[in-house]
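This report looks at how aromatic rings, a short helix and buried residues are arranged in a single protein chain. The sequence and the structure come first, and the description follows.

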Amino acid sequence: MQELQEHPVLEKNEKAAAMWSGGGADYDRISLGISSALDHAVARLAPAEGMKVLDIATGTGFTARLAARRGARVTGVDIAEGLLEAARGKAKAEGLQIDWQLGDAERLPFDDNSFDGAISTFGIMFATDQEAALSELVRVVRPGGRIVVAAWTPDSNAVALRKAVAPFMSAPPAGAPTPPSPFNWGDPDWLRTSLGQHVSLGIEDADTVHRLPDAQTVWEEYSRGFGPVRAVAQSLDETRLAEMRSAFLEWVEQFRTDLGIAMPFRYVVSAGIKTSS
């Protein structure tokens, strides 16, 4: 059993929480752009009427809303209060009853075996303590319950986008430990040796395509709503910001078609039944 903590977000994750919070309601535009992948993950969760589902790192709750529309009793948890505030408003506008809670994927505020299923779509992968996050994901689902994770693959354009932004990021403090790659969660071998210890695991890979009219619109959406890009952009002076925008637009232009921008992102959905007690 995990007891509720006075501080639901671990101190080491407060900076990340503030970074993601900055996107607010604009983050939902990012989720909309990759919604085919979120639909894919929810389909593999197969939420039924009355099923108790936890959406970990729910963001603005796009995936939670998909599950709730199928009749599931959904709880969405995230470290970012700014995203949860947007999630509450969007669910209310649709008349969906979803329980939103501030909480950390590395220390979930729920009892053992509390849920019939858990899902995380491009969220839990960013936890810096992957062992703790994986342990918590498994802990809160009852034996026989279903677990689903969607994550970008190590060779996806999500990685390439990160590399395009990297030259404008501040260097980490000297001596700071290198965090594990979030893209481990999109590596089938890593998934089989980690999550596969607890789940009768199956894996599917696919592409989702974010379609927007032009590169400038991509920049506007990501620099407003996507926490990591927004945070870097806001840290720069005017000259460096212009350089970052130019580099970002150049990267996006490779995905131009006759109809606009079509950015493909490779991902995997891993899913299965919890086998451990």
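## Aromatic pairs

In this predicted model, the structure holds 13 aromatic pairs. One of them joins Trp 20 and Phe 126, whose rings are 5.5 Å apart from centre to centre, with 55 degrees between the planes, an arrangement that counts as tilted. Trp 20 belongs to helix H1 (residues 14–21), whereas Phe 126 lies in the loop between strand S4 (115–121) and helix H6 (130–139), so the pair ties together parts of the chain that are 106 residues apart in sequence. The two partners differ in their exposure to solvent: Trp 20 is buried, with a relative accessible area of 12%, while Phe 126, at 29% relative accessibility, counts as partly exposed.

A second pair is formed by Phe 122 and Trp 152, and because the ring centres are 3.9 Å apart and the planes meet at 20 degrees, this pair is stacked. Phe 122 is found in the loop between S4 and H6 and Trp 152 in strand S5 (residues 141–152), so that this pair, too, links distant parts of the chain, 30 residues apart. Both Phe 122 and Trp 152 are buried.

## A cluster and a charge over a ring

Trp 20 and Phe 126 also belong to one aromatic cluster, which they form together with Tyr 27, Trp 219, Tyr 222, Phe 226 and Phe 248. Elsewhere, an aromatic ring has a charged partner: the charged end of Lys 52 sits over the ring of Phe 115, at 5.5 Å from its centre.

## The two sides of helix H1

Trp 20 is one of the buried residues of H1, the others being Ala 17 and Ser 21. These buried residues lie on the same side of H1, because they cover an arc of only 100 degrees around the axis. Lys 15 and Ala 18, by contrast, are exposed on the other side of H1. The buried residues of H1 pack against three helices, namely H2 (27–33), H5 (81–94) and H10 (227–234).

## Buried surroundings

Thr 75, in strand S2 (residues 73–78), is buried, with a relative accessible area of 9%. Leaving aside residues up to four places away in sequence, Thr 75 touches Val 53, Leu 54, Asp 55, Asp 99, Gln 101, Phe 110 and Phe 115. Phe 115 is thus a contact of Thr 75 as well as the residue whose ring lies beneath the charged end of Lys 52.

In soluble globular proteins, nonpolar side chains tend to be buried together. Here the largest nonpolar core has 86 residues, of which Trp 185 and Tyr 222 touch the most other members. Tyr 222 is also a member of the aromatic cluster described above. With residues up to four places away in sequence again left out, the contacts of Trp 185 include Ile 124, Met 125, Leu 134, Val 149, Trp 190 and Val 268, and also the polar residue Gln 130.

## The chain as a whole

The protein chain has 11 helices and eight strands, and its C-alpha trace spans about 55 × 45 × 40 Å along the principal axes. A compact globule of 277 residues would have a radius of gyration near 19 Å, and the 18 Å of the protein chain agrees with this. Buried residues make up 53% of the 277 residues. Among contacts between residues at least 6 apart in sequence, 79% join residues at least 24 apart.

Technical notes: Residues are numbered from 1 along each chain as its sequence is written. This is a predicted model: local features need pLDDT of at least 70, side-chain atom pairs count only at pLDDT 80 or more; totals for chains, interfaces and linings use all residues. Side-chain values use heavy atoms; hydrogens and water are left out. Rings of Phe, Tyr and Trp (its six-membered ring) pair if their centres lie within 6.5 Å; planes under 30 degrees apart count as stacked, over 60 as edge-to-face and the rest as tilted. Helices (H or I, at least four residues) and strands (E, at least two) are DSSP runs, numbered from the N terminus. Buried means under 20% relative accessible area, exposed over 50%, partly exposed in between (1.4 Å probe, protein chains only). A charge sits over a ring if NZ of Lys or CZ of Arg is within 6 Å of the ring centre and within 35 degrees of the ring normal. The arc is that of the directions from the helix axis to the C-beta atoms. Contact means heavy atoms within 4.5 Å. A nonpolar core is a set of buried Ala, Val, Leu, Ile, Met, Phe, Trp, Tyr and Cys residues joined through side-chain atoms within 4.5 Å. The radius of gyration is taken over C-alpha atoms; the globule rule is 2.2 Å times the number of residues to the power 0.38.
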